[in-house]
Amino acid sequence: MGLKNHRSSAPSVPADVVTGAAGFIGSRLVRRLLAEGQSVVGIDSFDDYYARAAKERNLTEVRRNPNFRLVERDLLGFDPSTVWEPGCRIFHLAAQPGVRGSWGAHFERYLRNNVLVTQRLLEASVRVRPTRFVYASSSSIYGEQPAGPTPETATPNPISPYGVTKLAGEHLVGLYARAHDLSAASLRFFTVYGPGQRPDMAFHRFIEAVRLGKAITLYGDGRQTRDFTFVDDIVDGVLAAGQTEKADGAINLGGGTPAGLSEVLRILGELAGHPVETQSGEAPPGDPRATWADTRRARELLHFQPRVSLADGLRRQWAWQTSADAMAPGG
Ligand SMILES: NC(=O)c1ccc[n+]([C@@H]2O[C@H](COP(=O)([O-])OP(=O)(O)OC[C@H]3O[C@@H](n4cnc5c(N)ncnc54)[C@H](O)[C@@H]3O)[C@@H](O)[C@H]2O)c1
């Protein structure tokens with residue numbers, strides 16, 4: 001990234017705050033911030049959406065760093081502003097993710113962890129003001145859109161309850177930013193993958209199936225396309241958004257080159273050394289046919305330039321998932 005970190009060596013710079021610090025993307029962000037010389041306060045409840053062990057592994061390395069402090073709390077269970085200093089930067093990644101699980105009785109969890117938690121953090125930010133508030137939003141807010149790359153100006157049209165809660169979070173961020181003059185941005189992540197990926201996500205499930213000699217289950221007709229984005233490219237965009245007040249409102253962060261599942265399966269077959277087996281499952285509601293980020297805004301404001309190709313990124317996730325200590329941190 002072309003942006004210079006003006007903050008890294010100043011001793012009085014307040015610690016950055018990362019919510020969802022034990023999660024897939026949050027832990028990767030924490031590592032990068034620490035590597036840049038920042039101090040970091042990570043907040044995470046270690047919720048049971050997936051195994052605690054995976055989240056612990058995400059944090060193995062950073063826990064040894066004296067500049068990292070972990071606050072293991074539910075964000076709704078305390079006043080989060082008690083753990084940050086005025087002038088800090090807040091990277092809000094904690095959430096209940098997953099499109100398919102957001103229907104039915106589970107919605108309460110989504111409402112709580114995506115909407116209420118975001119409002120709580122924003123209220124706390126009005127009391128103890130950060131210099132930046134960066135919110136992890138999602139391409140899921142778009143739902144089905146006309147063919148071609150989707151700009152931020154497209155009308156949001158979520159087709160899953162998860163997407164509705166992420167959009168509500170964005171609205172809250174925009175509302176508090178205007179009403180209380182907070183400097184904030186909502187970054188719309190497009191299907192993130194790479195080492196550490198959540199076990200419920202497609203690539204993780206695909207690699208696990210191949211590893212165990214099982215067939216990969218493809219939902220629907222398998223002809224969906226996604227703008228897959230490597231996790232370190234996402235982290236580049238998040239870091240850049242933390243450094244410039246010019247980047248406000250919504251900004252797409254996507255790989256910019258959507259791919260179909262046939263391409264993914266071809267790459268996995270090459271990695272496995274044999275064609276992968278597939279079986280079809282029923283298409284769950286909430287999954288759009290296609291996603292494709294228009295990244296002009298991210299390029300202009302954040303100098304965002306995804307660097308990792310799908311083939312290289314999948315190879316890195318494969319290496320992480322199939323290594324002897326399968327879930328080792330790093331990758
Ligand atoms: N992974 C993707 O492809 C993707 C795509 C679009 C948007 N996002 C967004 O990026 C963010 C990170 O996603 P991820 O894939 O790393 O998910 P993740 O589940 O790995 O990480 C989220 C973390 O938040 C924590 N958390 C949840 N509720 C909490 C609460 N009430 N208090 C404290 N901690 C809480 C969880 O314990 C978890 O460790 C989320 O906001 C998600 O909506 C992810």
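In this predicted model, Arg89 finds its bridge partner in β5, and that partner is Arg132. The pair belongs to a set of 4 bridges that tie strand β4 (residues 89–92) to β5, the two strands running parallel. Helix α3 packs on the sheet here, touching β1 (16–19) as well as β4 and β5, and its direction makes about 175° with that of β4. Helix α6 (residues 231–243) also packs on the sheet; its contacts are with β4, β5, β6 (184–189) and β11, and its direction makes about 170° with that of β6.

Now for the sheet as a whole. It is an open one of 7 strands, with parallel pairing, and reading across it gives the order β3-β2-β1-β4-β5-β6-β11. The edges are taken by β3 (68–71) and β11 (249–253); each has a single partner strand, so one side of each is left without a neighbour in the sheet. From one strand to the next, the twist averages 20°.

Back to α3, this time with a helix for company. Its partner is helix α4 (residues 161–180), and the two pack at an angle of about 10° with their axes 9 Å apart. That angle makes α3 roughly parallel to α4. On the α3 side, the contact uses Phe107, Tyr110, Leu111, Asn114, Val115, Thr118, Gln119, Leu122 and Val126. Facing them from α4 are Pro161, Tyr162, Thr165, Lys166, Ala168, Gly169, Leu172, Val173, Tyr176 and His180. Sorted by class, this contact has 12 nonpolar, 6 polar and 1 charged residues.

The pairing of α1 with helix α2 (residues 52–63) has an angle of about 10° too, and axes 9 Å apart. These two helices are therefore roughly parallel to each other. Ser27, Val30, Arg31 and Leu34 are the α1 residues involved, and they meet Asn58, Leu59, Glu61 and Val62 in α2. The class count for this contact is 4 nonpolar, 2 polar and 2 charged residues.

Helices α7 (residues 261–272) and α9 (residues 310–322) are another packed pair. Their axes come within 10 Å and cross at roughly 50°, which makes α7 oblique to α9. The crossing is right-handed. From α7, the residues in contact are Glu263, Ile267, Leu268 and Leu271, and these meet Leu310, Ala311, Leu314, Arg315 and Trp318 in α9. There are 7 nonpolar and 2 charged residues in this contact, and no polar ones.

That leaves the ligand. Its surroundings amount to 30 residues, the closest being Gly20, Gly23, Phe24, Ala95 and Val192. Three elements give two or more residues to this shell: α1 (24–35), α3 (107–127) and β5 (132–138). Of these, α1 provides the largest share, with 3 residues. Split by class, the shell around the ligand comes out at 16 nonpolar, 8 polar and 6 charged residues. Two of the shell's contributors have thus already come up in helix pairs: α1 as the partner of α2, and α3 as the partner of α4. The strand among the contributors, β5, is joined to β4 by the bridges described at the start.

Notes: Residues numbered from 1 in each chain as written. Predicted model: local features only at pLDDT ≥ 70, side-chain atom pairs only at ≥ 80, totals over all residues. Near = placed C-beta within 6 Å. Nonpolar A, V, L, I, M, F, W, Y, C, P; charged D, E, K, R; others polar. Axes fitted to C-alpha atoms, helices over the stretch in contact; angles between N-to-C directions. Parallel < 35°, antiparallel > 145°, perpendicular 65-115°, else oblique. Left-handed = near helix turned anticlockwise from the far one by under 90°. Contact = placed C-beta atoms within 7 Å. Pairing = 2+ DSSP bridges.
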